[in-house]
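Me: I am new to this structure and would like to know how its labels are earned. Could you take me through a few of them?

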Amino acid sequence: MSTTANTSSDAISRSMIELLEKADPTVANIMSEEGVRQATTLELIASENHVSSAVMHTMGSWMTNKYAEGYPGARYYGGCEYYDQVENLARDRAKELFNCGFANVQPHCGANANIAAFMALLSPGDRVLSLPIKSGGHLSHGLKPNFSGTFFEIHDYDLDPETELLDYDAIEKLAHEVRPQLIICGYSAYPRTIDFARFRAIADSVDAYLMADIAHIAGLVAAGVHPSPFPHAHVVTTTTHKTLRGPRGGLVLSDDEEIAKKVDRKVFPGSQGGPLMHMVAAKAVAFHEALQPSFKTYSQAVVDNAKALAEALVGHGYRLCSGGTDNHLMLVDLQPRDAELTGADAEQWLESAGIITNKNGIPNDPRPPRVTSGLRLGTPALTTRGLGPSEMVEVAALLDRVMGSGGDESTCAAVREEVRALCERFPLPH
Ligand SMILES: *Cc1c(COP(=O)(O)O)cnc(C)c1O
C-alpha cells in the first residue's frame, strides 16, 4: 500500500496485500488503490463508516468456510459447534445492546431483514403505509420494482410540505382511511428524531403492526442518543454497517415471542440459505464494541459534529431541510446558495476534491432523482477518524469553496490537497 496511507488498517492490510500480490496481483492492485482512496478522502456519505481492524479481520477469516443452515443447536450441517457459539454470542449481544428479547443476526443486509419482517407480519396483497423514497424513505419500504412494492399494496404518507417534518396527525388520518396491516417508520434521509410512541398509538388505533427500520440510526439508538423503538415497535429491522459501525449486514429484533418465531422461519428457510457466518462473527465483535462506554462517547460526538457542520453550512448560505438536524445526517438544499447548482454537479465536483457525498432529492424537489437540488451529508465516518466540531467548520468551508467554484479545476485541486492534509491529521481507526 502506498506510503501516503499511513494508517493502522494499513498494518493488517499490508500483510494481506503482500499475500494477495503473489496470488492475484490484479485484485491486489485494485484493493491497494481503494485503501489509499479511503485513507485520503473525507467520507461524508451518511450511511457509511470505517470499521475497526478487529471487525475487518474477523470478516476476512476462516469463519467464511462453513455451511451453517439453521440456527444454533438446530443446524442442517455437522461441525457447527463454534458457529453455534459465535451466533449465540451475537444474538445475546444484540439483545443487550437494544434491550429486547429476540434477535436474528443472519440477514445478509438491511433489505433482507425487511423481506423477512414483511413475510413474518403480512400476506401478499396486504396494505402497507410508508414514507416513499422521494421523501426520505427506503426502496425496501415499497418501491414498485422492489420485493415490497411487487407483493404488497403500498400507500404513501408524506412530510409536512412547510416544515418538512413528519406530520403525525396527517399520518393518523391516512391510517384510518387506508386501514393498513403494517405501518413503517425509520428512514434513509430524515434528519429529525422519530416519535416511536406516537407511531405505535397510530398503529394500535387501526390494528396495524408497527415496524421500525432503524438502519441509519441504529448506533445512535444503541448508544442512547436517539430514543429507542422499544417497547413501541412490533418488529425492528436494521443494518449493522451504518452508525452501528459493524460489518455490512442486517438484523431483526423483536420483543414479541410469536413474531420472533415467524421471523426466524422467514429469514431461514423463508428468504435465505446458509448464513454468512464470517459476517455473523464480525457482527458479534461489532456489538461488543458498541456495548463499550467509548461507543456512547463516539455516538454523542457524531450528533455534535452533525450540529456543528449544519450550523456552519447555514452560515455559508445553504438551507437545511426541516431547518436542521437531531441525528447524524442532514439534507442540504443547495438552491438558496445558488439556484443553478444541482446535487449531481456538487457530488461530482466534491469527489474531484476528495470529499465523498451523495446527491439526494429534497422534499418536493423540482429536479429529477439523477440530478436533484440537494446533498445528503453525514458525520459517522469523519467522527470515527476523530474529527471534531472545529474541523466541521473547516469541512464546511471546503465544501463551500468547491460548490461555490462552479467546478473550477484549480479550486478543486487546491481543496484536494487540503483534504489530504486533513486526512493525514486524522488517520483511519485502529
Ligand atoms: C440502508 C437502509 C436499508 C438497507 O440496507 P442494505 O444493507 O443496503 O440492504 C434499509 N432501510 C433503510 C431505512 C436504510 O437506510
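Me: How many disulfides does the rule count here?

Reply: Happy to help! Keep in mind that this is a predicted model. The count of disulfides comes to zero.

Me: What makes C423 miss out on a bond?

Reply: A disulfide needs two cysteine sulfur atoms within 2.5 Å. The closest cysteine sulfur to that of C423 belongs to C412 and is 16 Å away, so it is too far for a bond.

Me: Why is C423 called buried?

Reply: Buried means under 20% relative accessible area. C423 has 4%, so it is buried. C80 has a relative accessibility of 6%, so C80 counts as buried too.

Me: Why is V27 called partly exposed?

Reply: That label covers values between the 20% limit for buried and the 50% limit for exposed. V27 has 35% relative accessibility, so it counts as partly exposed. You will find V27 in helix α2, residues 25–40. Together with M16 and M31, V27 forms a nonpolar surface patch of about 220 Å² accessible area.

Me: How do you know that strand β10 pairs with β9?

Reply: Pairing takes at least two bridges. Strand β9 (residues 235–239) and β10 share five, in the antiparallel sense, with V236 opposite L253. Strand β4 (residues 102–104) also meets the rule: three bridges join it to β10, again antiparallel. There, A103 stands opposite L253.

Me: What makes β10 mostly covered?

Reply: Five of the five residues in β10 (250–254) are buried. G250, V252 and S254 point one way, L251 and L253 the other, and all are buried.

Definitions and conventions:
Residues are numbered from 1 along each chain as its sequence is written. This is a predicted model: local features need pLDDT of at least 70, side-chain atom pairs count only at pLDDT 80 or more; totals for chains, interfaces and linings use all residues. Side-chain values use heavy atoms; hydrogens and water are left out. Buried means under 20% relative accessible area, exposed over 50%, partly exposed in between (1.4 Å probe, protein chains only). Helices (H or I, at least four residues) and strands (E, at least two) are DSSP runs, numbered from the N terminus. Patches are made of residues with over 30% relative accessible area and no salt bridge: like charges are joined within 9 Å, nonpolar side chains (Val, Leu, Ile, Met, Phe, Trp, Tyr) within 5 Å. Accessible areas come from the Shrake-Rupley method with a 1.4 Å probe; for residues, only the protein chains shown count as cover. A salt bridge is a side-chain nitrogen of Lys or Arg within 4 Å of a carboxyl oxygen of Asp or Glu.
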